[in-house]
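Visitor: Hi, could you walk me through this one? I'm new to it.
Guide: Happy to, let's take a look together.

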Amino acid sequence: MRLIKIKGHENWMIFIGSLVLFVIVFLTLLYSIISPYDPTKSSVNIKGETIFIKPLLPPLSKIEVEVNGSKHELFFLFGTDQVGRDVFTRVIAGSSFVLSVAILATLLSLSIGLPLGLLSGYVGRIYDRALSLVMDSIYAFPGLILAIAVAALLGIGLVNMIVAIAVVYIPSYFRIVRGQVLSLKEQPFIEAAIALGMPKTNILFKQIMPNVFPSLFVITTLNIADAIIIEAALSFLGLGISPPTPDWGLDISQGKRYFLAGAWWVGIFPAMMISLAVLGFSLIGEGFDEKLNPKIRTK
Amino acid sequence: MNEELLFVKNLTVEYSLGKYNVRAVDNVSLKINKGISIGIAGESGSGKTTLALSILKLLPHYAKILSGEIIFEGKNILNLTNEEIRKIRGAKIGMIFQDPSASLNPTMKVIDHFIELFNSHKVNLRKEEIIEEAAKILEEMGIGKERLKDYPHMLSGGMKQRIAIGLALALNPSLLIADEPTTALDVLIEAQIIELLKNLKKQRNISIMLITHNLGIISELVDEVSIMYAGKIVEMGNKESIFNDPLHPYTQLLLQAIPEIGIEKKLKAIPGSPPDLSNPPPGCRFHPRCPYAMEICKKVEPKLIEIKPNHFVACHLYEK
């Protein structure tokens, strides 16, 4: 007997994407329960005694320590990094930082891009020309380079990083919303709403805006996936957050020095987590894209 | 009894399309009395829809009203502010459109359309009262009230048009403009919608301005008919008088072009095509296609004259 019935490849995409994200979020929320280690410390407390952990232990290492005469076994699933912190703990603790930066940055762009797009598409005229010019010039920059420039300008820190990433995605929301409003404006149901005497603001916010939401949902999930990569790149380049905060990009950049020495696990596991998180959001986004806009692709 | 509801006086509407201008409605005058329904018939591009849209000031931005007045309940609509005209739309003049499948918002339930409408016109009703009112209207339109919770995609085309009519009539307007309300529907549904409009006309005593190219539904529904050709009214008057004794050659040809079931005859099409309105022919605009065209038709534009009581025609054949 099957517990869940999933038909159609787009539903599978959404299902697998959600599953991946669920596992990541689940582990992140519970990492302090699952793991006995602190992601920012190279020592572990057992019965009031501080025990330092050896650096660069390979994955699946087991070491035994004696505390007050009793033996304890310490297990490192992904090994330890260059200062003796547990890589597994860092990797799952890091996701909370990465995901919140990516999600907050995308929501910030949404909250700027949506009203600007509505204004540009609905009111038009000089607003449309001016805003389109600004947005197109932002859009012309490669996203990562723009984020680096803004981040370098603002300096490191959580808020600055969110702003730097948010700037990149404002044009994508603006363009989508503007385009949709322009075509929705000409729809017969909008003409009918005008003929029924509805005020202009109601037509924009109650008749037009809800019709933009499905595409906004799709583009938001895809943008989050992209924002994770940019966040990692900024941290990798040292423009993100300062150590010892657990962060995937930061850990890759530190781990790359030990790669040639054979300690591949320090950098590979954070990189794997980036891929998984990006995959999860992309699958959800693409899945919903096909579900909501089935006409785009001819099957 | 003969109280005037709407009076369109010498209305001229022009579309500016870059290089050339198109006069879609040219010096048209029209009167609708309270409780009287009129039909406006003509080929595509004859200006019927433009005429209807100008009454509610719904014309696209590239259209310009060059001259004329539209007097509704004593006020000239063309002089009203946007806010004033908004209060008339939906509340005093309702309008329904051609394509019912697209005239409801896909993200809103049927009931939300009613709530939005009532709120837009500041009708002081609580939500439960609006629901009750909407249920009553739906029932009048022949739809069960359980449909209030449905989204538009769950409804058939005929149901959507019934709901669109219900929305247009919810605030008891005195005039309903119906722009080809049945063109997108199949014949059976068309007959039901016409029957519905007929009953509503009787019960609510509203005026309907029916715009269509289908003379069949005009004969079913209205009291008076105006025939438009190339932006002008060529014949207007009492329905019986026009259908039994069409005077203008265009009307005669139009009536002959209606197919009849069971009678095997070759369908008579009107030769030629409607004139290019950016460069209309001089004189009578119908003369290039008219079988009775005379020399004067090419030069002098005929005026609308009353031949019989309440039967006007613009044709040189009837001028003395």
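Guide: Here is a short chat about chain A and a surface patch on chain B, and please keep in mind that this is a predicted model.

Visitor: Okay, how many helices and strands are there in chain A?
Guide: Chain A has 9 helices and 4 strands.

Visitor: And what pattern does chain A follow along the sequence?
Guide: Reading along the sequence, you meet α-β-β-β-β-α-α-α-α-α-α-α-α.

Visitor: What box do the C-alpha atoms of chain A fill?
Guide: Along the principal axes, the box is roughly 85 × 60 × 35 Å. Chain A has 299 residues, and 48% of them are buried.

Visitor: What about the surface, how much does chain A expose?
Guide: Chain A exposes about 14900 Å², with carbon and sulfur atoms supplying 68% of that area.

Visitor: Switching to charges: how far apart are the mean positions of the positive and negative ones in chain A?
Guide: They are 7 Å apart, counting 23 positive and 19 negative charges in chain A.

Visitor: You mentioned a patch. Which residues form the nonpolar patch on the surface?
Guide: That patch is made of Tyr292(B), Met294(B), Ile296(B), Val300(B) and Leu317(B), and together they have about 400 Å² of accessible area.

Visitor: Where is Met294(B) in chain B?
Guide: Met294(B) lies in the loop between helix H9 (249-256) and strand E11 (305-308) of chain B.

Visitor: Why does Met294(B) count as partly exposed?
Guide: Because its relative accessibility is 31%, and partly exposed covers the range between under 20% (buried) and over 50% (exposed).

Definitions and conventions
Residues numbered from 1 in each chain as written. Chains lettered and ligands numbered in written order. Predicted model: local features only at pLDDT ≥ 70, side-chain atom pairs only at ≥ 80, totals over all residues. Heavy atoms only, no water. Helix = DSSP H or I, 4+ residues; strand = E, 2+ residues; numbered from the N terminus. Buried < 20%, exposed > 50% of the residue type's maximum accessible area, 1.4 Å probe, protein only. Areas by Shrake-Rupley, 256 points an atom, 1.4 Å probe, with all protein chains shown as cover. Lys, Arg positive; Asp, Glu negative; His and termini not counted. Charge placed at Lys NZ, Arg CZ, Asp CG, Glu CD. Patch = residues over 30% accessible without salt bridge, like charges linked within 9 Å, V, L, I, M, F, W, Y side chains within 5 Å. Salt bridge = Lys/Arg side-chain N within 4 Å of Asp/Glu carboxyl O.
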